[in-house]
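Thanks for making time for this one. I would like to walk through a single chain, going from how its helices pack to a few individual residues.

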Amino acid sequence: MSLTVKEDRAEQALVLSPEGRLDSVNAGEFQALVKGHIDAGEKRVIVDFSNLDYISSAGIRVMQFASETLEESGGRCVLCALNNDISRVFRITGFDRIIDIADTLEDALTRVPQS
């Protein structure tokens, strides 16, 4: 299964909604998309996982890249709506302690700074 990404805006934040699988096959492409937005000046990014079925370590590294890069530039990345399997992967690997994860999109919107 491949990955498609819907892009939207909500309350001045960019919302990326990957659908399908985020793995070593497409992580580079997704990272390039995220990096392009950050390079263009995006400071508030929410990644909505509500339609993501699977994430590999390569996908987690993209999320780490986004979080660290945005924090270095005074921005913020928040993940939301992780299914139970993906949430467990983040807990087991400890990334839930270094990447901000919200239960819902609405909760994520309260965690990104507004300009």
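What follows is a tour of helix packing, the nonpolar cores, two buried residues and some backbone angles.

Please keep in mind throughout that this is a predicted model.

Let me begin with the two helices that pack against each other, α1, covering residues 27-39, and α2, covering residues 57-72, whose axes come within 9 Å and cross at roughly 10°. Since angles under 35 degrees count as roughly parallel, that crossing makes α1 roughly parallel to α2. On the α1 side the contact is made by A27, F30, Q31, V34, K35 and I38, and these meet A58, G59, V62, M63, F65, A66, T69 and L70 of α2. If we sort the residues of this contact by character, ten are nonpolar, three are polar and one is charged. As for the spacing of such positions, an α-helix has 3.6 residues a turn, so residues three or four places apart point the same way.

From there we can move to the interior. The largest nonpolar core comprises 26 residues, and F30, F49, I55, M63, L79 and F90 are those with the most contacts inside it. At least two residues of this core come from each of β2, α1, β3, β4, α2, β5 and α3, and the element that gives the most is α2, with six residues. M63 is a useful residue to click on here: setting aside residues up to four places away in sequence, M63 touches L22, F30, V47, F49, I55, L79, F90 and I99. Apart from this core there lies another, of ten residues, which includes A10, A13, V78 and A102.

Now for two buried residues, which I will take in turn. S67 also sits in helix α2, and is S67 buried or exposed? With a relative accessible area of 2%, S67 is buried, since the cut-off for that class is under 20%. Once residues up to four places away in sequence are left out, the contacts of S67 are C77, I98 and I99. The second residue is A108, which belongs to helix α4, residues 105-111, and which counts as buried at 0% relative accessibility. Leaving aside neighbours within four places in sequence, A108 is in contact with I46, V78, C80 and A102. A108 and L79 are 29 residues apart along the chain, yet their C-alpha atoms are separated by 7.1 Å.

I would like to finish with helix ends and backbone angles. Helix α3, residues 84-93, is capped at its N-terminal end by N83, which places a side-chain oxygen 3.0 Å from the backbone nitrogen of D85. What follows α3 at its other end? The residue there is G94, with a positive phi near 85°.

Which residues have a positive phi although they are not glycine? E11 is one of them, with a phi of about 45°, and A81 is another, with a phi of about 60°. E11 lies in the loop between β1 and β2, where at 53% relative accessibility it counts as exposed. A81, in turn, is found in the loop between β5 and α3, and with a relative accessible area of 22% A81 is partly exposed.

Note on methods
Residues numbered from 1 in each chain as written. Predicted model: local features only at pLDDT ≥ 70, side-chain atom pairs only at ≥ 80, totals over all residues. Heavy atoms only, no water. Axes fitted to C-alpha atoms, helices over the stretch in contact; angles between N-to-C directions. Helix = DSSP H or I, 4+ residues; strand = E, 2+ residues; numbered from the N terminus. Parallel < 35°, antiparallel > 145°, perpendicular 65-115°, else oblique. Contact = heavy atoms within 4.5 Å. Nonpolar A, V, L, I, M, F, W, Y, C, P; charged D, E, K, R; others polar. Polar contact = N/O pair within 3.5 Å; in protein donor to acceptor, adjacent residues only side chain to side chain. Core = buried A, V, L, I, M, F, W, Y, C linked by side-chain atoms within 4.5 Å. Buried < 20%, exposed > 50% of the residue type's maximum accessible area, 1.4 Å probe, protein only.
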